[in-house]
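User: I have a structure open on my screen and would like to walk through it with you. Could you help me with a few questions about how it is put together?

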Amino acid sequence: MENNNPWLRAEIAQWLREGTINDEQAKVLYARYPAVVYPGRTSGGARSVGAGGNWGKVIFAALGVAVFGMGVVLLFAYNWGEMHRYLKLAVIGLSILLAHGVGMAMFRSDGPRRRVGESLHLLGTILFGAGIWLVAQIYHFDAHYPDGFLLWCLAAMSMAWALPSAAHGILAAVLLLLWSGLETFEFQQAMPQASWILLLGLLPLAWWQRSASLLTVVLVSLPLAYIVGVWTYGEQFLAPLLLLLCASYFAFARLSHSLGNPAAGSVFRSVGIVLWLPLIFIGTFIGLPSQTGMSAVPGFGLLQLLFPLLLAIGLWLWVLISAKSRPQGLEAWLESGLVLAVLMIAVLPAMLGENMEGVGRLIFNLVFLIYSLLYVYRGTEYGRGKILALGCVMISVLALARFTDLFHSLLARSSVFLILGVVLFVIGQRYAKQNTRRKLEKPRA
Amino acid sequence: MRKALIIALVVGQFGVLAYMAGQREWIRHRGENIYLRTAPVDPRDPMRGDYVQLSYGINNVDVSHYRGRKAASALSRGAALYAVLKAGSVDVYELDYLSDQAPVSGLFLRGRLNREMSAGQISVSYGIEQYFVEQGSGRAIETKQGGVDGVQVPLEVAVAVGGNGRAVLTGYRWSRLGIRLEQINPVAETSNTLTWDSATIAQRSPVIVLSLQNVSDTALKIADNDKHCGFYLQSLGDTGRNFSSADKSCSPYVLREADIINLEPGEVYRVELNMGQPRWYVLERGAIGSSAMVVNAANERFRLVYQTPLLLPGMESPALWQGRLVSPAFSVRGRVD
């Protein structure tokens, strides 16, 4: 059964503000639906302590353990000459067993002890990583050191599935990025496998665990791993691939309700927009170059290049065909339409070999402008100050960017600023007016 | 079931470390113990602390020492290579030849090609290029090894070699002989050198002052003659060009009783080598005609190597220091390391 507790408590607050219920009734309802967001275990299998809204705790617990683990690594890095190598090995080996042993005992219980148990398991896995470097230090071997990160990542990922543990999943994602980054930039070896490990090894875990923290890390890591993986095939492929990945995130956000994981929708949408808007803005300067040279990429590399395109097309077809996920209302259609417009008018032609540098710039400018106007509308209409600020910043940034590119006459330049100033003033007036009206309509808001 | 899986994974983590350590312990106890001569520098690894970066003669192998099935130029980065070793002085081993096939017998190290062959040099690493030390003691090793202006004393690293060519560093000792390189009158201007006659070349070429010092507690012997056949030039080839010595009058240099020089502890043997003399003319591989390095190879880096002369069968010279001792690199414009 889905946990609708936070939603229900927010609704109770809204009813109270609107006067639908009084304070006494609200107290009764609050008592009936206490603020429990962590369900422990569900019928779907064991849940990680990172499930649901506990991701802040997971992040801080994981950070604490990671910092402690790094302390241990550096402690051993001192490399005491007086300490016999067998003693060093015994210390690290016993530390690993101790951390996992106590962690296992605590992980079986529920509540805070379970979280401590997970953290101790995480410490054990970090000590395992320290052990890899300690053994290399003791025996002075200078192996291909990214392999150490891969080995460590595989250990963390297997523990992430076995426990299950979102914190281990986050550690695995970070190590995977380190591995592929080092292989690519230090040893000039492209590692497209990293994206597939994220997609097949960690994304399903984040989904299964309903872990917002792990899902966020995976969704941020995936474009980075993709960049690293396809870097050697040509820099011209990066922008369209990232746009396609972001478009897929937006499609997933729409599908998340019908896939039974509505909470994932906001994560997909948030990560998607954080990556999408800067990409669109960069596109306002450079458009999209023709995607030539794809045929020269060897088999697996070609799959790597085409996969985001196939994924985005497939997911958006699914979104539009299914009545449950299809956009409802003008705003939702506008938002989806902007994504589809970028895909259909800019990315797809570029992938088919068209040079979209000129037309692409125009499209990206228009899309960026529409996004900023949409945020201004939302901000003023619903009284959401942060969204309004974002919209205003976007308009200003776009005006400044185009000011240097397009307007050479001082008269034209001054008029840009005059118009922008007037627009911002009008927006401010509308926001203030809407806020006043809302307060009059809902005096307790 | 889940508990068993977790236990299996924890045991797996422990097992991986145990395997890594156990394999090296096995080689330490059962492998053959030899010494390899090195020239160290002193960096730090953030994950593992201070270490001494080691560079061996077998790390950069001239293509003439390669005897593989594949052509050296066809070897790709990361390819497995085998350095077959032969005993040099006492227990210090040197390269016999390099191959892409594991030899069926004899002592060898398994390595990997660092990068595609360049300027006739094959760059190989064997996983024994870092020697980890307690934080701070790397500085002591650096001091003992000597700075760029002082006498440089190479480390002789103790290595246990397993049957499969895998090696484990087990310790180190210091060479008994140190080397110092000074450069007199480095050349500032190298344009129009083609118009120089031999007298101008000899006058304007740099003079290298090379000192060999007995840094041990006991007397030792070295060998050299009037032509300084105890030394030869080695091109680093790092600009993509490969040079060799044009003068062949010292090939081979066979030990004569008169050439033996006795060095008491602390005593120095000092020679001045004018790089403008025909004895030090260089010849570029694939090119015709030799000349002084100031004319032919003004941008190249070279090392001078002291090498013990050949001992004919029946000749014996106790206390004769044997092996090769490599100087810091230099170019005609000044010393560069």
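User: Thanks for joining me! What is the strand order of the open sheet of five strands in chain B?

Analyst: Happy to help, and please keep in mind that this is a predicted model. The open sheet has five strands with antiparallel pairing. Neighbouring strands in this sheet are turned against each other by 45° on average, direction ignored. Read across the sheet, the order is β4-β8-β7-β5-β6 (chain B).

User: Which are the edge strands of that sheet?

Analyst: An edge strand can be recognised by its pairing on one side only. Two strands of chain B fit that description, one covering 60–62 and the other 93–99. The edge strands are therefore β4 and β6 of chain B.

User: Let's move inward. How many bridges join β5 to β7 in chain B?

Analyst: Strand β5 (residues 80–87) and strand β7 (residues 108–118) of chain B run antiparallel. Looking at single residues, Leu81(B) has Gly111(B) as its bridge partner in β7(B), while Tyr82(B) is partnered by Arg110(B). The number of bridges joining β5 to β7 in chain B is five.

User: And which residue in the turn between β7(B) and β8(B) has a positive phi?

Analyst: β7(B) is joined to strand β8 (residues 121–125) of chain B by four bridges, and these strands run antiparallel. One of the pairs sets Arg115(B) opposite Ser123(B). The two strands form a hairpin with two residues between them, and the turn residue with a positive phi, about 50°, is Ala119(B).

User: Now the meeting of the chains. Which element gives the most residues to the side of chain B that touches chain A?

Analyst: The contact takes 28 residues from chain B and 30 residues from chain A. On the chain B side, the elements that give two or more residues are α1 (2–30), β9 (130–132) and β11 (167–174). By class, the residues of this side divide into 16 nonpolar, seven polar and five charged. With twelve residues, the element that gives the most is α1(B).

User: Turning to chain A, which helix provides the largest share of the side of domain 1 that touches domain 2?

Analyst: The domain assignment gives domain 1 as 49–227 and domain 2 as 234–445 of chain A, and their C-alpha centres lie 35 Å apart. Their contact takes twelve residues from domain 1 and 15 residues from domain 2 of chain A. The domain 1 side divides into ten nonpolar residues, one polar and one charged. The largest share of that side, nine residues, comes from residues 212–230 of chain A, helix α9.

User: Are α11(A) and α14(A) parallel or oblique to each other?

Analyst: Helix α11 (residues 262–286) and helix α14 (residues 357–382) of chain A pack with their axes 7 Å apart, at an angle of about 140°. Their crossing is left-handed, and the contact includes Phe281(A) of α11(A) and Phe364(A) of α14(A). Angles over 145 degrees count as roughly antiparallel, and this angle of about 140° falls in another class, so the two helices are oblique.

User: One last pair: are α4(A) and α5(A) roughly parallel or roughly antiparallel?

Analyst: The axes of helix α4 (residues 85–107) and helix α5 (residues 112–138) of chain A come within 7 Å and cross at roughly 160°. α4(A) passes α5(A) in a left-handed crossing, and their contact has 15 nonpolar, seven polar and five charged residues. Because angles over 145 degrees are classed this way, α4(A) and α5(A) are roughly antiparallel.

Technical notes
Residues numbered from 1 in each chain as written. Chains lettered and ligands numbered in written order. Predicted model: local features only at pLDDT ≥ 70, side-chain atom pairs only at ≥ 80, totals over all residues. Domains from an automatic or database assignment. Contact = placed C-beta atoms within 7 Å. Nonpolar A, V, L, I, M, F, W, Y, C, P; charged D, E, K, R; others polar. Axes fitted to C-alpha atoms, helices over the stretch in contact; angles between N-to-C directions. Parallel < 35°, antiparallel > 145°, perpendicular 65-115°, else oblique. Left-handed = near helix turned anticlockwise from the far one by under 90°.
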